[in-house]
Amino acid sequence: MKKKHKILLAAVGLTAVVTAAAAAGTAGSSGDPLVTLSYLTGVFQPQVMEEVDQAVADNETQLKSDLDAAIDQWEDQLGQGSASSSTYQVVTLTSGQTLTGEVGCEVMLRVGSAKCVSSSSPGLIDTTAGTTLNNGGALVTNHLYMVTIDTRSVTATAATTKLLVRGSYTIS
């Protein structure tokens with residue numbers, strides 16, 4: 001019986017050794033993929049970083065294109081005489097040019113002459129005098145006028161008219 005045990009024990013041991021050798025021989029193959037740290041840092045990470053860099057470069061190109069288009073559109077609006085500011089800007093008009101302010105726009109005549117253009121009363125509010133200025137009325141130098149209704153305008157009547165303007169407006 002002792003001999004049987006020894007043979008059985010030897011057979012079990014041999015089976016274990018053969019199984020371990022077979023498992024070690026196929027580890028890491030395509031049938032049994034084993035991921036190692038060297039694979040992750042040497043192969044996988046550089047591939048991922050390259051894909052991320054490419055995606056960032058593509059997005060950067062698209063964003064630059066969108067920004068350039070927005071800048072061009074803004075420059076076109078400024079070229080057509082449209083602006084908005086929270087501080088006063090000097091605006092120069094030639095005779096016959098019209099500045100149309102949006103509600104809240106403030107205008108002060110500094111040089112030259114100009115008249116109010118409006119389809120109804122009141123045209124502009126003279127905040128300096130506390131009065132109103134109706135259609136065709138001349139602006140007084142150094143008086144501050146406020147647009148309180150859309151489509152109210154100031155038309156230059158001198159060859160060169162300079163205004164201080166704060167707020168949104170268009171020039172035509």
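Here is a short chat about a predicted model of a protein.

Visitor: How many helices and how many strands does the protein have?
Guide: Start at the N terminus and read along: the order is α-α-β-β-β-β-β-β-β-β-β-β-β. Tallied by type, that gives two helices and eleven strands.

Visitor: What share of the contacts with a separation of 6 or more is between residues 24 or more positions apart?
Guide: Set aside the pairs with a separation under 6, and look at the contacts left in the protein. Residues 24 or more positions apart account for 74%.

Visitor: Which residues of strand S5 point to the buried face?
Guide: S5 covers residues 114-117, and its side chains alternate between two faces. Lys115 and Val117 point to one face and are not buried. The other face, with its buried side chains, belongs to Ala114 and Cys116.

Visitor: Why does Cys116 count as buried?
Guide: The cut-off for buried is under 20% relative accessible area. Cys116 falls under that cut-off, because its relative accessible area is 0%.

Visitor: Which residue of S9 is the bridge partner of Val117?
Guide: S5 pairs with S9, residues 152-156, in the antiparallel sense over four bridges. Val117 sits in S5, and its bridge partner in S9 is Ser153.

Visitor: How much of the accessible surface belongs to carbon and sulfur atoms?
Guide: Take the whole protein, whose accessible surface comes to about 11400 Å². Of that, the part belonging to carbon and sulfur atoms is 60%.

Visitor: How many disulfides does a search of the whole structure find?
Guide: Cysteines are there, including Cys105, buried at a relative accessible area of 1%. A disulfide needs two cysteine sulfur atoms within 2.5 Å. The number of disulfides found in the whole structure is zero.

How values were computed: Residues are numbered from 1 along each chain as its sequence is written. This is a predicted model: local features need pLDDT of at least 70, side-chain atom pairs count only at pLDDT 80 or more; totals for chains, interfaces and linings use all residues. Side-chain values use heavy atoms; hydrogens and water are left out. Buried means under 20% relative accessible area, exposed over 50%, partly exposed in between (1.4 Å probe, protein chains only). Two strands pair if DSSP finds at least two bridges between them. Contact means heavy atoms within 4.5 Å. Accessible areas come from the Shrake-Rupley method with a 1.4 Å probe; for residues, only the protein chains shown count as cover.
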